[in-house]
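Let's take a friendly walk through a protein, starting in its interior and moving out along its helices and loops. Keep the picture beside you as you read.

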Amino acid sequence: MKKALALFTILFGLGSAFARNSNYSKNLEIELYADSKATVDFSQMDSKFEYITLFYQDIFFNLNLLNRVNRNDLRNICLKVYENLKNGRKCQIIVKNFLDNQDLSITFGQMPSTKDSLLIMTNYDKAKNTMITDPENMKDSWGLLYYIKNGKLIYYKNIEKEHKSAQEKLEKNLDIIETNPKPIVYMMVVENYLEMNEIEKAIKYLKDNKDKAIKLSPKTTKPGNINDVILCMEEECKIFQMIK
């Protein structure tokens, strides 16, 4: 299973393979299917931050879908997936005609016999930019594995790592901006405020500083550019205000 790279490490490196996709310019339909089967229980989570960044950054930004799916539809799906997981129920997102006229399936479940895990699986081989039609080849599928630890979703490779507080990360990023401003660090500050549940501060900081980030960024129209990152942060701010 191959994890999505973090948003802020792939800012300008996203997929030339996507640009070659003949469906790229088309808006894609998105659907949600609920499941009666029990899965990870999000009611034990003490924050919605990890879920929102996972949904928007690790999945939809990483797969270059933010500009290809209606934003209102995506917000609605985001809310419904969250409600399903809070009720301990599996669910599946279908993105119609994702690649080569085939649908992308994104399933939210858990590892067998591991109740504190969140396993997200797809039928997509990201390394080869191909859809997987043979169930025997699912080992090559793009996916994510998280565990709930102390009320937070943590990527499985980071379970044993020391985690800085949002306040510590915020102070570090503000220092960087003072001494050596970088476009992505402005967006990281927005994220720090969201992690601290300071939603209004996040919205104001994004509004006040997004033009600075754009001016400092390379001029490119490739997927994953600073405008896409700003869109991602704007959508996260909106969903933070909506999600319960």
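Leaving aside its neighbours within four places in sequence, which residues is isoleucine 59 in contact with? They are Leu54, Ile106, Phe108, Ile120, Trp142 and Leu144. Please keep in mind that this is a predicted model.

Isoleucine 59 also belongs to a bigger picture. The largest nonpolar core has 67 residues, and Ile59 is listed with Phe42, Tyr51, Phe55, Phe60, Ile93 and Met187 as those with the most contacts inside that core.

**The whole protein**

The protein has seven helices and eight strands. It contains 244 residues, of which 49% count as buried. Now take the contacts between residues at least 6 apart in sequence: 71% of them join residues at least 24 apart.

**Helix H4 and its two sides**

Helix H4 covers residues 166–179. With 14 residues at 1.5 Å a residue, H4 should span 20 Å, and its end C-alpha atoms are indeed 20 Å apart. Which residues of H4 are buried? They are Ala166, Leu170, Asn173 and Ile177. Looking down the axis of H4, you would find these buried residues within an arc of 70 degrees, so they line one face of the helix. That buried side packs against helix H5 (183–195) and helix H6 (199–216). Turned away from the buried side is a face with the exposed residues Asp175, Glu178 and Thr179.

**Helix H7, mostly covered**

Helix H7 runs over residues 226–242. From its first C-alpha to its last, H7 reaches 25 Å, close to the 24 Å expected at 1.5 Å a residue. How many of its 17 residues are buried? Twelve are, so to speak, under cover. The buried residues of H7 include Ile226, Val229, Leu231 and Phe240, and Asp228, Glu235 and Glu236 are also among them. What covers them includes H2, helix H3 (71–86), H5 and H6.

**Where H2 meets H5**

Two packed helices are described by the angle between their axes and the distance between the axes. Helix H2 (residues 49–61) and H5 pack at an angle of about 145 degrees, and their axes are 10 Å apart. The crossing of this pair, H2 and H5, is right-handed. On the H2 side, the residues that meet H5 are Phe49, Thr53 and Gln57; their partners in H5 are Glu191, Leu194 and Glu195.

**Some residues in loops**

Lysine 48 sits in the loop between strand S1 (30–38) and H2. Is lysine 48 buried or exposed? It is buried, with a relative accessible area of 18%, and the cut-off for buried is under 20%. Not counting residues up to four places away in sequence, lysine 48 touches Tyr82, Asn197, Phe240 and Ile243. Lysine 48 and asparagine 197 are 149 residues apart in sequence, while their C-alpha atoms are 9.1 Å apart in space.

Two other loop residues have a positive phi, and the table sets them out.

| Residue | Phi | Loop between |
|---|---|---|
| Aspartate 100 | near 55 degrees | strand S2 (89–99) and strand S3 (102–109) |
| Asparagine 129 | about 50 degrees | strand S5 (124–125) and strand S6 (130–131) |

Neither aspartate 100 nor asparagine 129 is a glycine. Asparagine 129 is also buried, with a relative accessible area of 16%.

Conventions. Residues are numbered from 1 along each chain as its sequence is written. This is a predicted model: local features need pLDDT of at least 70, side-chain atom pairs count only at pLDDT 80 or more; totals for chains, interfaces and linings use all residues. Side-chain values use heavy atoms; hydrogens and water are left out. A nonpolar core is a set of buried Ala, Val, Leu, Ile, Met, Phe, Trp, Tyr and Cys residues joined through side-chain atoms within 4.5 Å. Buried means under 20% relative accessible area, exposed over 50%, partly exposed in between (1.4 Å probe, protein chains only). Contact means heavy atoms within 4.5 Å. Helices (H or I, at least four residues) and strands (E, at least two) are DSSP runs, numbered from the N terminus. The expected span of a helix is 1.5 Å times one less than its number of residues. The arc is that of the directions from the helix axis to the C-beta atoms. Axes are lines fitted to C-alpha atoms, for helices over the stretch in contact, and angles run from 0 to 180 degrees between N-to-C directions. A crossing is left-handed if the near helix is turned anticlockwise from the far one by less than a right angle, and right-handed if clockwise.
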